[in-house]
Structure formats: structure tokens, C-alpha cells
Amino acid sequence: MKTKIFYILTAILFCIFFSACTKVPLTGRSQLNMISDQTILSMSYQQYDQFMQKNKLSTNAEETQRVRRVGQRIQKAVERYFSDNSMSSELQDYKWEFNLVESDQVNAFCMPGGKVVVYTGLLQVAKDENGLAVVMGHEIAHAVAKHGNERMSQGLLVQMGGIALDVAMANQPGRTRQLWMMTYGLGAEVGYMLPFSRLHEREADYLGLIFMSLAGYDPNGAIDFWKRMASKKGDKNPPEFLSTHPSDQTRIDSIKEMIPEAMTYYRKSR
């Protein structure tokens, strides 16, 4: 408890004295962000390229095309939403990419800059394009809301004394690289991923529903999708997706409350 209080007070001091707080695009929530977009995107693209070199793309053309079709529809929806809210500059350096990777893991992620990966193991749970839109909208929401930047900043603050990322890379490259891997879940050697907070998850659920609705996908499908994910908790090897993405009745109830608003965007898209 003392550690948590110390972290909160320190974060507040950083926001006040070092102007390290920014606003989450679209929701307006204040967040700790010690890393420039240029720096985070440069690292993201580098790490993403390394990930793709080590992993095998799916050879199933139909499934690959389905992932890219859903991704591109959500991309256009996100860009439209940002444009409507006079925030297109937030996405100007994005280099969108959508790939299906061979793996039994029930997982997906979106790196900063729009680098989206879906694992083939997720397709059975997603079932169709609408299910894919739930996952991809949620993961893209994490990226555009800069949740990874926020977690990386928290890691720099708590684990490395609040030093700047470029200084950390120069002085402690191994430790900084491990922090990055933990933040974005790309390092198998690390073994785990820093969890998103409940606040991040709710924010990603909210924005993800809006994005999928604007893309023409029915947000009501999110309820069935998360029920299917929740049922995986009983498996001997639950999905990695569930290690950082809670899938319980609380989330489902929360999504039910969000759906009426999301439906207003769905009707506009029809």
C-alpha cells in the first residue's frame, strides 16, 4: 500500500513540476507521458520489424484477407473519428499494418503506430468478422489512447527513477529493452506483460466499441465475444490474452452499459 501511495504521489509531482501529463486523445483523461510520440513510434517500428522476422505469417490467404479487411475498416473509422474531433495530427505518423501470425495463442495486439497482429489461435474464439472487430477495435483503442506510452512512462518512473527514455537507452539499454518488452508483451524471454489497469481496459472497451460501430460492425457482438473469452478461463491453458485482459461478468456488465451510446455510431455508419 505504501509503495502504491508513493507511486501516485510521485506521478502527481511529475505532472505538476515536469509537465509530464498529457491528455488521452478523445476521452480527455490526464495521463502520465514522459516519452515523445516520435521516440515511441521509432522504437515501436523497430521492435515490430524484429517480431515479424521471428514469427511466421499465416499461409491461409482467406483468413489473412479477413483480418486485413476488418483492420482496414477500423482504421478508416478511427481516422474519421479523429478527424471529426480535430485530432488528425495524432495519427499523421501512423504506418498501419495488419497481419495474421501462425500461433496457437489466443491473442492479438496493436503496437504504437498501428502495427496490428492477430494470432491464428484467436480466430476460433472470434468466429467471424464481427468478433474480430471486437478484438481489433479494443487493441487499436489501447494504441491510439497511448496506454502503452503511459505504462512505459510509469515503468521509467518506478523502476528507473524517472529518467528520460533516451538516457535510459544510452545508460541501461538491456534493462530498458526488457521494460519495453514487458510493456508491449513482445518478449517471450520475459514471460509476462505489464497488466493494463482497469481504467485502461474500460477506456479501450469504450473506444473499441465506438470504432467497431463506426466501421459498420454491431457492438452487441462484444457481449458474446467476451462470454466466449470468459469460458476459456476454465481451460488448462487459458489464453495469454486473458492474462492482461480481464474477461468477467463485471466487464460484460460494463460493456452492456456502453452499447446504447456505441449504437448511435453504428446507426450513423449504416
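Here is a short chat about the salt bridges and burial in this predicted model.

Student: How many helices and strands are there in the protein?

Tutor: Let's begin with the secondary structure. Strands come to five in the protein, while the helix count is 12. So the tally to keep in mind, going by DSSP runs, is 12 helices and five strands.

Student: What share of the residues counts as buried?

Tutor: The cut-off matters here: buried means under 20% relative accessible area. The protein has 270 residues. Applied to them, the buried share is 54%.

Student: And which share of the contacts with a separation of 6 or more comes from residues 24 or more positions apart?

Tutor: Take just the contacts in the protein whose partners have a separation of 6 or more. Among those, pairs 24 or more positions apart supply 69%.

Student: How many residues apart in sequence are the parts tied together by R29 and E150?

Tutor: These two form a salt bridge, with their closest N and O atoms 3.0 Å apart. R29 sits in the loop between β1 (21-23) and β2 (30-32), whereas E150 belongs to helix α6 (residues 147-160), so the pair ties together parts separated in sequence by 121 residues.

Student: Are R29 and E150 buried or exposed?

Tutor: Side chains of opposite charge can pair when their charged atoms come close. For this particular pair, R29 and E150, both partners are buried.

Student: In the salt bridge of D37 with K146, which residue is partly exposed?

Tutor: The closest N and O atoms of D37 and K146 are 3.0 Å apart. D37 lies in helix α2 (residues 37-54) and K146 in the loop between α5 (129-144) and α6, so this bridge ties together parts 109 residues apart in sequence. K146 is buried, because its relative accessible area is 13%. The other partner has a relative accessible area of 32%, so the partly exposed one is D37.

Student: What is the N to O distance where E201 and R251 meet?

Tutor: This pair links distant parts of the chain, with E201 in helix α9 (residues 198-214) and R251 in helix α12 (residues 249-269), 50 residues apart. E201 counts as buried at 2% relative accessibility, and R251 counts as buried at 6%. Their side chains meet in a salt bridge, with an N to O distance of 2.4 Å.

Student: Which residues are joined into one network by salt bridges that share partners?

Tutor: A search of the whole structure finds eight salt bridges. Some of them share partners, and the network they make consists of R29, E150 and E203.

How values were computed
Residues are numbered from 1 along each chain as its sequence is written. This is a predicted model: local features need pLDDT of at least 70, side-chain atom pairs count only at pLDDT 80 or more; totals for chains, interfaces and linings use all residues. Side-chain values use heavy atoms; hydrogens and water are left out. Helices (H or I, at least four residues) and strands (E, at least two) are DSSP runs, numbered from the N terminus. Buried means under 20% relative accessible area, exposed over 50%, partly exposed in between (1.4 Å probe, protein chains only). Contact means heavy atoms within 4.5 Å. A salt bridge is a side-chain nitrogen of Lys or Arg within 4 Å of a carboxyl oxygen of Asp or Glu.
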